[in-house]
Amino acid sequence: MTYRLGVDVGGTFTDLLLFEAESGSFWRHKTPSTPHDSSVGILSGVEAICAQAGIVPADVEIFLHGTTVATNAVLEGKGARVGLIVTQGYRQIMQIARSFVPGGLAGWIVWPKPEPLAKLEDTFEIKGRMTAQGRELRPIDDDDIRAQLEKLKAQGVEALTVSLMNAYLNGAHEKRVGELAAEIMPDVPISLSHIVLPEMQEYERTLTTVANAAVRPIVGRYVRNLRDKLRGAGMAGKLSLLRSDGGLMTSEKSEEHPVSLLMSGPAGGVTGAIWVGKNAGMKNILTLDVGGTSTDVALIENLEARRVRTTEVGHLSVRASALDVKTVGAGGGSIAYVPALTGALRVGPQSAGAVPGPVAYGKGGTLPTVTDANVVLGYLPEALLGGTFKLDREGATKAVQTIADALGIDLYAAARGIIDIVNENMFGALRMISVQQGYDPRDFALMGFGGAGPLHVNAVARLMGSWPAVSPVSPGVLCALGDATTRMRTESARSFSKLAPQTTLDELKTALAEMAAQTRAELEAEGIAPDDVTILFEIDVRYSGQAFEVPMEVTLDELAEKGIDWLTGRFDDEHRRLFTFNMDSAHEIVNLRAVAMGQALDLPAAQLPKGNGDPSEAKLRDHELWMNGAMQKAVIYDRAKLKQGDIIPGPAIVIEMDSTTLIELGCTAMVDAVGNILINLA
């Protein structure tokens, strides 16, 4: 029997999903996260879920893990101190950066420029230079390099980046600096720009490599610590981490290339949603992943998630493929407050997190949160996590009362105000990935998951006009399911930089074939059978003179059959959808990428027994909740007892181990064949 274990560490809970590939049976578990050292929470979860399944950790063959360690290091400014070696004359590359000020015209009169990840005093120049064609113009000098490295060593840097002019065409100079650095600073991890990002544009290449170096020590420590602890618990299987682009990388690779992990956390939910969509027959989905601290949203079209070439975390924007996920500080733990200055209710982005958590959790929290408002309104009626987690209703009421008093309104109106504002924040994020990218949200279903997604999905679907609102099976651990069902992925990139009319099909195909061989070899070295490897290609195209590109996915067969004009025609269509116009300039082919993927796990979803449409067997009890300005009669159902075809009129609440689904007044829910709850307007 092959057991795979998906683990997703969030700000509030660590979610685990164990499944047995042949029978498709799975077990799930949620345990509070341990922010001081995530591996503690992971280990207690691993032991609990293995006991539940009646196996020992040694039986788990593949351990798959989505993590926010790299993300948090960047957001909290806790990256390592990075030393930077550049070509003579380029010492200020990180300080000059790109001239970009956020906000509209004079939107930010005063904008404190973020501190670069590599300081000027930790940046040193060396002699030597490559031409724009990748030929040596001036040689490097070992003594000069040694002298600069000694100075860096004396500064006490914790990680080193080497980013030289035009190194993406020829990395020989960078390699030599790396060799000497390994002698002089043997304990310091070294990131070379021609390996991390072999693409043109010096600033982006340098920034991405510096970001990689900044998170390397932290991610390396985390991964090694986790590996040691898992090995100590007897788990001998493979440990893989989820990349920002929704693929997997081995834990060893992630130590060298952690810049690919910056969006690892949210990627699991998107891959999980694709799996649910495939089994439920939905092609176009907007995802709403609501955790304790933040909400992540993404767009899936034809069961393919939108990918972007830049990963954005806080004000840092690096070149690394990622799923197009937008994050807002709105979650179950988001704190509600009334600033004295405006006297208007605000919610988030501050969060009560795992410690002390919402007041209702009874762990010492005192400030009113979204979860507390849900408890007061009666939307969260039962104990959580299958009864192991009791809710303190009285405490929640007291906390929300402070908001009601500050606003001079009644308790329920204040609680509903908190919920309405947090829903509005989620709506704003969803508009960014749909309407602002040229998509009509009414063509998409809205899937809510994460611990609190199904509580909000009905209300947010109403704002978006996206029906049905979907509460998938085990929504609370869907990210862990995504981690567990995803496949290995690796990519290589190179700059091409030629105008399309001057490019022949043969030179394009030759370059792509070389890259395909390289990525294929990488996956085969990681133990994937040659027949299980699929190769995809991406070609970045732009109008000549533009400063940004649009990536186009192609296959070699399509390219051979339809030619370069077909590629540029596709680019024109995509450019018009994104920006509503096209240009007369010539097309330029900028970068090429080859992506190698392992086999997708074909995991079937279990069918539910057929019902007669009447959910009364699953009814737990009658209930009252506050909605549309008054107390309403409602019913609470147990999700485990629902059958396919059951129809539930709102208002109603469906509870399960890891989440709670709210069906609002004026809506009706139906349970589909595989157990998803589909909510539509009555």
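## A buried helix, some empty space and a greasy patch

Helix H14 has these buried residues: Leu 478, Cys 479, Ala 480, Leu 481, Gly 482, Asp 483, Ala 484 and Thr 485. Keep in mind that this is a predicted model. With 8 of its 8 residues (478-485) buried, H14 is largely enclosed by the rest of the structure.

Now for the empty space. How many cavities of 30 Å³ or more does a search of the whole structure find? The search turns up 7. In the largest cavity there is about 60 Å³ of space. Its lining is made of 13 residues, and Thr 87, Met 130, Leu 164, Met 165 and His 173 sit closest to the centre. Two or more lining residues each come from strand E7 (129-130) and helix H5 (172-184).

The second largest pocket holds about 770 Å³. It has 37 lining residues, with Ile 195, Val 196, Pro 198, His 257 and Glu 491 lying nearest the centre. Quite a list of elements gives two or more residues to this lining: strands E10 (190-192), E17 (316-323) and E23 (489-499), plus helices H6 (193-196), H7 (202-232), H8 (251-256) and H15 (505-525). Which of them gives the largest share of the lining? That's E23, with 6 residues.

Here is how the two linings break down by residue class:

| Lining | Nonpolar | Polar | Charged |
|---|---|---|---|
| Largest cavity | 6 residues | 4 residues | 3 residues |
| Second largest pocket | 13 residues | 12 residues | 12 residues |

Back to helix H5, which also contains Ile 184. Is Ile 184 buried or exposed? Its relative accessibility is 8%, so Ile 184 counts as buried, the cut-off being under 20%. Along the chain, Ile 184 and Arg 146 are 38 residues apart, yet their C-alpha atoms are separated by 7.8 Å.

Finally, the surface. Phe 548, Phe 579, Phe 581 and Met 583 make up a nonpolar patch there, and together they have about 330 Å² of accessible area. One of these residues, Phe 548, lies in the loop that runs between strand E24 (534-543) and strand E25 (550-554). Phe 548 has a relative accessible area of 37%, so it ranks as partly exposed, a class that falls between the 20% and 50% cut-offs.

Terms used. Residues numbered from 1 in each chain as written. Predicted model: local features only at pLDDT ≥ 70, side-chain atom pairs only at ≥ 80, totals over all residues. Heavy atoms only, no water. Patch = residues over 30% accessible without salt bridge, like charges linked within 9 Å, V, L, I, M, F, W, Y side chains within 5 Å. Areas by Shrake-Rupley, 256 points an atom, 1.4 Å probe, with all protein chains shown as cover. Salt bridge = Lys/Arg side-chain N within 4 Å of Asp/Glu carboxyl O. Helix = DSSP H or I, 4+ residues; strand = E, 2+ residues; numbered from the N terminus. Buried < 20%, exposed > 50% of the residue type's maximum accessible area, 1.4 Å probe, protein only. 1 Å grid on protein atoms, 1.4 Å probe; cavity = no way out; pocket = protein on both sides within 12 Å on 5 of 7 lines; lining within 4 Å. Points joined across faces, edges and corners; volume = space filled by probe spheres on them. Nonpolar A, V, L, I, M, F, W, Y, C, P; charged D, E, K, R; others polar.
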